[in-house]
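The exercises below are meant to be worked with the sequence and the coordinates side by side. Try each task before reading its solution.

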Amino acid sequence: MVKIIGGWLLLVGLIILGARLLWCDEESPRPSTAITSSAALTFDEDVALLNEARPLCLETFTRFLEAETPVARTQSVISPVTTAARMVRFYDLNPWIQLDPKNLSIVGNEVIHQPGAPPAIVIHWNSHDGKKIDVLFRKDDDEWRLDWDHYARYSDYPWSLFLAGSGSPVGEFRLLARERRADARKNDPSISLMLYAPRFGHPGETVSQSPEFLVSRTSKDGGLLGEAFNLARSGKQVFGLTLPNLNPEGMIPVRVKIQRDDADTGRQFKIIEVLACHWYSVDDSGVVPPADAKSESPPSP
């Protein structure tokens with residue numbers, strides 16, 4: 001009798017334990033379900049942010065384009081106090097491109113997330129006369145303002161004049177980079193680059209081709225450039241942007257510091273540092289160089 005009762009209790013205990021395990025398994029969140037829910041939450045948050053902020057971004061851009069003085073324009077840009085001096089210097093050397101907001105139509109918009117910065121909104125416009133404009137907006141002091149440095153393709157000095165020997169011998173530039181003979185040189189120790197100035201409103205066109213730059217593949221700068229070119233070849237963009245890529249095929253945007261040497265032996269240029277593989281005003285470079293990349297790149301001929 002004792003054995004029968006003991007066996008019965010053991011059987012009942014196993015049944016209860018099995019039921020508990022089955023119930024816990026059903027209640028536990030599946031990894032795939034958790035990932036999907038997280039992605040859906042982020043998507044929903046982005047849609048809500050876009051619906052809320054886009055009308056405010058449009059108001060900001062209209063106010064910026066219709067402003068009649070440089071001072072009035074600075075009220076619509078991120079960090080207006082520190083940006084004002086750059087805007088004055090830039091428009092002293094470059095023309096102000098007049099755009100009529102009534103002649104612009106939105107062709108795409110998207111929320112992007114950049115490390116170390118709050119969510120931003122990118123909007124693409126087409127104008128009636130064929131221009132293509134892309135603008136990034138970010139909330140700054142509780143107002144949605146435009147990233148003017150990205151919008152204007154700000155450089156310290158006009159690229160064509162810098163190449164000709166004018167201005168300071170060191171400058172920061174927003175340019176387009178093209179890798180020369182990428183397939184033929186893929187096993188070479190250096191990347192061969194040509195740099196070009198973008199043409200505002202015509203992102204498929206470039207001006208002012210540079211001499212050749214050689215950047216060591218094992219340097220940090222070479223690592224950044226290599227990863228950026230690989231990203232572009234895969235059809236992707238920095239920060240996961242999915243709007244159409246407006247850059248010329250085979251070219252990537254770069255923000256670089258360049259030094260010019262006006263020696264008697266002939267004018268030479270070298271890349272001092274690749275600051276970013278995009279034109280946005282954030283510190284993140286947009287791509288991550290290989291772990292074994294050296295922190296400094298050797299001088300280019």
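A residue counts as buried when its relative accessible area is under 20%. The model used here is a predicted one.

**Exercise 1. Describe the aromatic pair formed by Phe61 and Phe64, and state whether these residues are buried or exposed.**

Step 1. Begin with the whole structure, where a search finds 19 aromatic pairs. Phe61 and Phe64 form one of these, with 6.5 Å from centre to centre and 10 degrees between the planes. Since planes under 30 degrees apart count as stacked, the pair is a stacked one.

Step 2. Place the two residues in the fold: both belong to helix H2, which covers residues 31-66, and they are three residues apart, about one turn of the helix.

Step 3. Turn to accessibility, where both Phe61 and Phe64 prove to be buried. For Phe64 the relative accessible area is 0%, so this residue falls under the 20% limit.

**Exercise 2. Follow the ring of Phe64 to Trp96, and explain which parts of the chain this pair ties together.**

Step 1. Phe64 and Trp96 form an edge-to-face pair, with the centres 5.5 Å apart and an angle of 65 degrees between the planes.

Step 2. Phe64 lies in helix H2, whereas Trp96 lies in the loop between helix H4 (80-93) and strand E1 (104-112), and therefore the pair ties together parts that are 32 residues apart in sequence.

Step 3. Widen the view to the neighbouring rings: Phe61, Phe64 and Trp96 belong to one aromatic cluster, whose members also include Phe90, Trp125, Trp148 and Phe200. Trp96 has a charged partner as well, for Arg73 lies over the face of its ring, at 3.8 Å from the ring centre.

**Exercise 3. Find which residues of the largest nonpolar core touch the most other members, and examine Leu175 as one of them.**

Step 1. The largest nonpolar core has 35 residues, and those touching the most other members are Trp159, Leu175, Leu225, Ile258 and Tyr280. Among the elements that give two or more residues to this core are helix H6 (159-163), strand E5 (170-179), helix H7 (220-233) and strand E9 (251-263).

Step 2. When residues up to four places away in sequence are not counted, the residues that Leu175 touches include Trp159, Leu195, Val254, Ile258 and Trp279.

Step 3. Another core, of 26 residues, lies apart from the largest one, and Phe64, Val77, Phe90 and Trp144 are among its members.

**Exercise 4. Locate the largest pocket and say which residues are the closest to its centre.**

Step 1. The volume of the largest pocket is about 520 Å³.

Step 2. Its lining is made up of 23 residues, of which Phe90, Asn94, Ala152, Pro198 and Phe200 are the closest to the centre.

Step 3. At least two lining residues come from each of H4, helix H5 (148-152), H6, E5 and E6. Phe90 and Phe200 are also members of the aromatic cluster met in Exercise 2.

**Exercise 5. Decide whether Leu50 is buried or exposed, and where its contacts lie.**

Step 1. Leu50 lies in helix H2, and its relative accessibility is 16%, so Leu50 counts as buried.

Step 2. Leaving aside neighbours within four places in sequence, Leu50 is in contact with Pro55, Asn109, Glu110, Val111 and Ile121. Between Leu50 and Val111 the C-alpha to C-alpha distance is 6.7 Å, although the two are 61 residues apart in sequence.

Note on methods:
Residues are numbered from 1 along each chain as its sequence is written. This is a predicted model: local features need pLDDT of at least 70, side-chain atom pairs count only at pLDDT 80 or more; totals for chains, interfaces and linings use all residues. Side-chain values use heavy atoms; hydrogens and water are left out. Rings of Phe, Tyr and Trp (its six-membered ring) pair if their centres lie within 6.5 Å; planes under 30 degrees apart count as stacked, over 60 as edge-to-face and the rest as tilted. Helices (H or I, at least four residues) and strands (E, at least two) are DSSP runs, numbered from the N terminus. Buried means under 20% relative accessible area, exposed over 50%, partly exposed in between (1.4 Å probe, protein chains only). A charge sits over a ring if NZ of Lys or CZ of Arg is within 6 Å of the ring centre and within 35 degrees of the ring normal. A nonpolar core is a set of buried Ala, Val, Leu, Ile, Met, Phe, Trp, Tyr and Cys residues joined through side-chain atoms within 4.5 Å. Contact means heavy atoms within 4.5 Å. On a 1 Å grid over the protein atoms alone, a cavity is a set of points where a 1.4 Å probe fits but cannot get out, and a pocket is an open set with protein on both sides within 12 Å along at least five of seven lines; lining residues have an atom within 4 Å of a point. Grid points are joined across faces, edges and corners, and a volume is the space filled by probe spheres set on the points.
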